[in-house]
Amino acid sequence: MKKYSIGIDLGGTKILTAIIDKENGEIISSVKKKTKKDKGAEKIIQKIINSIQEVLEESKTSISEIENIGIGVAGQTDRKKGIIINAPNIDFNNINIKDILEKEFKIPVFLGNDVEIATIGEMYFGAGKDEKDYICIFVGTGIGSGIVQDGKIRYGSTGTAGEIGHIIVDVGGRSCGCGGCGCLEAYASRLAIEKRIIGALRKGRKSDIQNYIIDDKPIKTSMIRKALEKNDELITQIINEASEYLASGIASAVNFYNPSLIIIGGGLMNAIDYFYTKTIETAKIKSLPTPANNIRFKKAELGDFSGVIGAALLADYRKK
Ligand SMILES: [Zn+2]
């Protein structure tokens, strides 16, 4: 068995690629590429290939030293065949990424989804280390979760278990990207929070965040954090509201699944302690007393790298 594998986190707006030392989770080299402006799968596939070549060159590693490549994508996958069935953010439909990359690099390629690889990363080298039963919740553009039962991810009968972002927290409420209404994701994801901020500003609400936003550039996590630190009324209200919904979704998971631990990750959670603390305190209050008294919460520990680390360990995890 070789020491290194390559992990790729193919998200909606970026590709993060890294060579990982599988013995300790160390990142040997990594490269991040944006995909936002790319139309069509071909360009993105080329960027993936380039990014693999770059991490090899940067660390002066030969492909013969790499055990395999693991890739996780935000979308529906056929794990066995290595097909990305549908990844709407990057316009991938029925693409056999396993075949393409195996032809190019002549080493085995494994495919999973983004939440799965992030959960595996936390399982091996993050907050899930030495734990057996827990849920990893990732609050990002969307909201997803990985359910770990007795040290193994629970995939469900169609491989879609853990879709906590589509727990319905408001019957007949806001429309969600899935086609439904009132899903948690439409209230507490990063995208939902940004929409609320932009909508309120358009309606003429005043906020400190206006001092940081440049034209139509996206709202950064650091801007939200700065506004919160200044006790900005609008941003505090929006974060409180998102936190209330998120806590409701988490409490439902606590009551329904009774895990011993919930790990929460994602950029906003990582960077904004207020959001994390408020959410877990409210989730405990909203949960039934017996599971609430026993539940522990932890922040995810690997930040943006949980996905690439988990992707590099995807094959090892599946052999477990
Ligand atoms: Zn939904």
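Me: Hi! How far apart are the end C-alpha atoms of helix 1, and what should its 18 residues span?
Reply: Hi! Keep in mind that this is a predicted model. Helix 1 covers residues 41-58, and at 1.5 Å a residue it should span 26 Å. Its end C-alpha atoms are 25 Å apart, which agrees.

Me: Nice. Which residues of helix 1 are buried?
Reply: They are Ile44, Ile48, Ser51, Ile52, Val55 and Leu56. Looking down the helix axis, you'd find these buried residues within an arc of 130°, so they line one face of helix 1.

Me: And what covers them?
Reply: The cover includes strand 1 (4-10), strand 2 (14-21), strand 3 (26-34) and helix 2.

Me: What about the other side of helix 1, which residues are exposed there?
Reply: There you'll see Glu42, Gln46 and Glu57 exposed.

Me: What comes after helix 1?
Reply: Lys60 follows helix 1, and its phi is positive, near 50°.

Me: Switching to strands now. In what order do strands 5, 6 and 7 sit in their sheet?
Reply: The order is 5-6-7, in an open sheet with antiparallel pairing. Strand 5 (76-78) and strand 7 (92-96) are the edge strands, each pairing on one side only. From one strand to the next, the twist averages 10°.

Me: How many bridges link strand 5 and strand 6?
Reply: Those two pair over 3 bridges, and strand 6 is residues 83-87. As an example, Thr77 has Ile84 in strand 6 as its bridge partner.

Me: Last one: where does helix 2 lie?
Reply: Helix 2 (residues 97-105) lies across strand 6 and strand 7, and runs at about 45° to strand 7.

How values were computed: Residues are numbered from 1 along each chain as its sequence is written. This is a predicted model: local features need pLDDT of at least 70, side-chain atom pairs count only at pLDDT 80 or more; totals for chains, interfaces and linings use all residues. Two strands pair if DSSP finds at least two bridges between them. Helices (H or I, at least four residues) and strands (E, at least two) are DSSP runs, numbered from the N terminus. Axes are lines fitted to C-alpha atoms, for helices over the stretch in contact, and angles run from 0 to 180 degrees between N-to-C directions. Two residues are in contact if their C-beta atoms, placed from the backbone, lie within 7 Å. The expected span of a helix is 1.5 Å times one less than its number of residues. A residue is buried if 20 or more other C-beta atoms lie within 10 Å of its own, exposed if 12 or fewer, and partly exposed in between; C-beta atoms are placed from the backbone. The arc is that of the directions from the helix axis to the C-beta atoms.
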